[in-house]
Amino acid sequence: MLDDLFSRLREATAPAEIETLQDGIWQIWLTAGHPLLDKRLETGTRALSAGDYGLAIAEFTFLTETAPDYAEGWNKRATAYFLRGEYKAALNDVRETLRREPRHFGALSGQSLMLRALGDARGTLKVLLRLEQLCPAWPGLQEQLRTLREELE
């Protein structure tokens, strides 16, 4: 089912269709597959929303240690590190996420934001080109690519 959603995402052009396909993909990614893991994911996500990054990181660390192949545990912890301003730790977790799920558009998007903030235009361009392979019509993507290419010329 995930492969089908990604195939359709690659062809999607309408923003509403892209959003619907992304939502379907997120529903799959946000299921850890075990009640205890799903509960820890939920607790960590609530902590993240409440700005309690320490608790969120602790919950997502539990996920990465207990289910190291579960990409979303790494991605959520990357988000918590990012929001806490710990870009190095966040980028490390993004790499782990992408090792497990190379199509993770959330991780790619976050990685591009961090690299851009760190002044790495070439790295940002590389990441956005990967995102373009997943969904060429991603809202705002073509404009970002144009801007980066102009900067690098």
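**Reading helices and salt bridges in a predicted model**

Trainee: Which residues of α4 are buried?

Mentor: In this predicted model, the buried residues of α4 are Ala 56, Ile 57, Glu 59, Phe 60, Thr 61, Leu 63 and Thr 64. The general idea concerns helix periodicity. An α-helix has 3.6 residues a turn, so residues three or four places apart point the same way. In the present case, the buried residues of α4 pack against α3 and α5, the latter covering residues 71–83.

Trainee: How many residues does α4 have, and what span does it reach?

Mentor: The helix has 14 residues, and 20 Å separate its first C-alpha from its last. That span is close to the 20 Å expected at 1.5 Å a residue.

Trainee: Glu 59 appears among the buried residues of α4. With which residue does the side chain of Glu 59 meet in a salt bridge?

Mentor: Its partner is Arg 40, with an N to O distance of 2.4 Å. This pair links distant parts of the chain: Arg 40 belongs to helix α3 (residues 35–49) and Glu 59 to helix α4 (residues 53–66), 19 residues apart. Glu 59 counts as buried because its relative accessibility is 10%, under the 20% cut-off. Arg 40, at 22%, counts as partly exposed.

Trainee: How many salt bridges does the model contain by this rule?

Mentor: The count comes to 11. A second example joins the side chains of Arg 100 and Glu 96, at 2.6 Å from N to O. Both residues lie in helix α6 (residues 87–100), four residues apart, which is about one turn of the helix. Arg 100 is partly exposed at 23% relative accessible area, and Glu 96 is likewise partly exposed at 21%.

Trainee: Which residues are linked in a network of salt bridges?

Mentor: The network links Asp 3, Glu 101 and Arg 103. Within it, the side chains of Glu 101 and Arg 103 meet at 2.9 Å, N to O. Glu 101 is buried, with a relative accessible area of 9%, whereas Arg 103 is partly exposed at 22%.

Trainee: Let us return to helix α6. Is Ala 90 buried or exposed?

Mentor: Ala 90, which is found in helix α6, counts as buried because its relative accessibility is 0%. For such a residue, one may next examine its contacts. Leaving aside neighbours within four places in sequence, Ala 90 is in contact with Ala 78, Tyr 81, Phe 82 and Met 114. The C-alpha atoms of Ala 90 and Ala 78 are separated by 4.1 Å, although the two residues are 12 residues apart along the chain.

Trainee: Met 114 is one of the contacts of Ala 90. Which residues of α7 are buried, and against which helices do they pack?

Mentor: The buried set in α7 consists of Phe 105, Ala 107, Leu 108, Gln 111, Ser 112, Met 114 and Leu 115. These residues pack against α1 (2–11), α2 (15–29), α5, α6 and α8 (121–134). Helix α7 itself (residues 105–117) has 13 residues and reaches 18 Å from first C-alpha to last, close to the 18 Å expected at 1.5 Å a residue.

Trainee: Which residue with a positive phi follows α7?

Mentor: That residue is Gly 119, with phi near 80 degrees.

Trainee: Which residues does the UniProt annotation "repeat: TPR" cover?

Mentor: According to the unreviewed UniProt entry, the annotation covers residues 71–104. In the model, this span is 79% helix and 0% strand, and its end C-alpha atoms lie 9 Å apart.

Definitions and conventions. Residues are numbered from 1 along each chain as its sequence is written. This is a predicted model: local features need pLDDT of at least 70, side-chain atom pairs count only at pLDDT 80 or more; totals for chains, interfaces and linings use all residues. Side-chain values use heavy atoms; hydrogens and water are left out. UniProt positions are given in the numbering used here, feature names are shortened, and annotations may be inferred rather than shown by experiment. Helices (H or I, at least four residues) and strands (E, at least two) are DSSP runs, numbered from the N terminus. A salt bridge is a side-chain nitrogen of Lys or Arg within 4 Å of a carboxyl oxygen of Asp or Glu. Buried means under 20% relative accessible area, exposed over 50%, partly exposed in between (1.4 Å probe, protein chains only). Contact means heavy atoms within 4.5 Å. The expected span of a helix is 1.5 Å times one less than its number of residues.
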